[in-house]
Amino acid sequence: MSLTDEELERYARHIVLKEVGGAGQERLRRATVAVIGAGGIGSPAIQYLAAAGVGRLIVIDDDMVDLSNLQRQTLFGGDDIGAAKVEAAARAVARLNPGIAIEARPTRIDAANAASLIAGVDVILDGTDNFATRLAVADAALALRIPLVSAAVGQFEGQLGLFRGWEAGKPCYRCFVGADPERAEASCAEAGVLGAMTGVMGSLAALEAMRAIVGFGEDSAGKLLLVDALAFRFRTIALPKDPGCPACGTAA
């Protein structure tokens, strides 16, 4: 499979990067990414993955577009209010890059259906806003051995990690957060969130998904990126694999 003249022009700024090139752009075109959640993080991630030429996107979300979403979910506009987010996302992607196949799945993902919804994809990008859903997605990603890009935002802070817990020395998501799905959480409606912060983290999540597909740069699995907009600070910390982790540790 080779790139068409139109694709060579569309993706020229990628192709001239020696770390990507034509071969990397073809890997993007052949790839499938599942985006879990079309909200604050998923919205910019979908835009950049589509613009980058990722050949197939599966977007999973059961929510509808609300007026309060428009402060940060730039994939949508006023005309989308009341529509299913996945359907509005599909329309936006068709306008942005008609060469991309997008599959809209207006379904709430949980432990019972996660594996069937994401099976066969190359990368999972999780931008959901509750702990139980993130654990369900992470467990399915680990069982299926699919790289998981997990991003989260709260108020002025964000975090991002890539997880491949089936590999020796690499942590899974449960190594990072533990196993208690009943931990107290405040939604962005309760705590607030800076709109542009979701754009930063969604774009970084798309970047991580592209790195996982193309393979450029240093391997970020086993690291956690922390972003603090108040202090204007980015820092990276190491995430060790937990030998006692019930999901990927020695006992598991």
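**Entry 1: helix α4**

I began with helix α4 in this predicted model, and I noted that G42, S43, P44, A45, I46, L49, A50 and A52 are buried there. The helix covers residues 42-52, and with 8 of its 11 residues buried I wrote it down as mostly covered. Just after α4 comes G53, and when I looked up its backbone angle I found a positive phi, near 95°.

**Entry 2: the nonpolar cores**

I next asked which residues touch the most other members of the largest nonpolar core. They are V33, I46, L49 and L125, in a core that counts 44 residues. The largest share of this core comes from helix α10 (residues 195-214), which supplies 9 residues. Apart from it I found another core, of 24 residues, including I60, I118, A138 and Y173. I added a general remark beside this: in soluble globular proteins, nonpolar side chains tend to be buried together.

I then followed L125 and, leaving out residues up to four places away in sequence, listed its contacts as V33, A34, V35, I36, I41, A45, L49, V149, A205, A206 and A209. Two of these names, A45 and L49, were already in my notes as buried residues of α4.

**Entry 3: A138 and the largest cavity**

I looked up A138 next and placed it in helix α7, which runs over residues 131-144. Is A138 buried or exposed? Its relative accessible area is 8%, which is under the 20% limit, so A138 counts as buried. Once residues up to four places away in sequence are set aside, A138 touches L148 and Y173. I also checked A138 against C172, which lies 34 residues away along the chain, and found their C-alpha atoms separated by 7.7 Å.

I then turned to the cavities, and the structure holds 2 of 30 Å³ or more. The largest has a volume of about 80 Å³. Of the 14 residues lining it, A138, L142, L148, C172 and Y173 are the closest to its centre. Helix α7 gives the most to this lining, with 4 residues, and by class the lining has 10 nonpolar, 1 polar and 3 charged residues.

**Entry 4: the second largest cavity**

For the second largest cavity I noted a volume of about 40 Å³. Among the residues that line it are R134, S150, Q159, F163, Y173 and L224. Strands β5 (148-154) and β6 (157-163), together with α8, each supply at least two residues of this lining, which divides into 6 nonpolar, 3 polar and 1 charged.

**Entry 5: salt bridges**

I finished with the salt bridges, of which the count comes to 15. E26 forms one with R30, with the closest N and O atoms 3.4 Å apart, and both residues lie in helix α3, 4 residues apart, about one turn of the helix. I noted E26 as buried because its relative accessibility is 16%, whereas R30, at 48%, counts as partly exposed.

In α10 I found R211 and E208, 3 residues apart and about one turn of the helix from each other. Their side chains meet in a salt bridge at 2.6 Å, N to O, and both R211 and E208 are buried. Elsewhere, salt bridges that share partners join R164, E167, K170 and D219 into one network. Within this network I looked up E167 and R164, whose side chains meet at 2.9 Å, N to O. R164 is buried, with a relative accessible area of 14%, while E167 is partly exposed at 27%.

Terms used. Residues numbered from 1 in each chain as written. Predicted model: local features only at pLDDT ≥ 70, side-chain atom pairs only at ≥ 80, totals over all residues. Heavy atoms only, no water. Buried < 20%, exposed > 50% of the residue type's maximum accessible area, 1.4 Å probe, protein only. Contact = heavy atoms within 4.5 Å. Core = buried A, V, L, I, M, F, W, Y, C linked by side-chain atoms within 4.5 Å. 1 Å grid on protein atoms, 1.4 Å probe; cavity = no way out; pocket = protein on both sides within 12 Å on 5 of 7 lines; lining within 4 Å. Points joined across faces, edges and corners; volume = space filled by probe spheres on them. Nonpolar A, V, L, I, M, F, W, Y, C, P; charged D, E, K, R; others polar. Salt bridge = Lys/Arg side-chain N within 4 Å of Asp/Glu carboxyl O.
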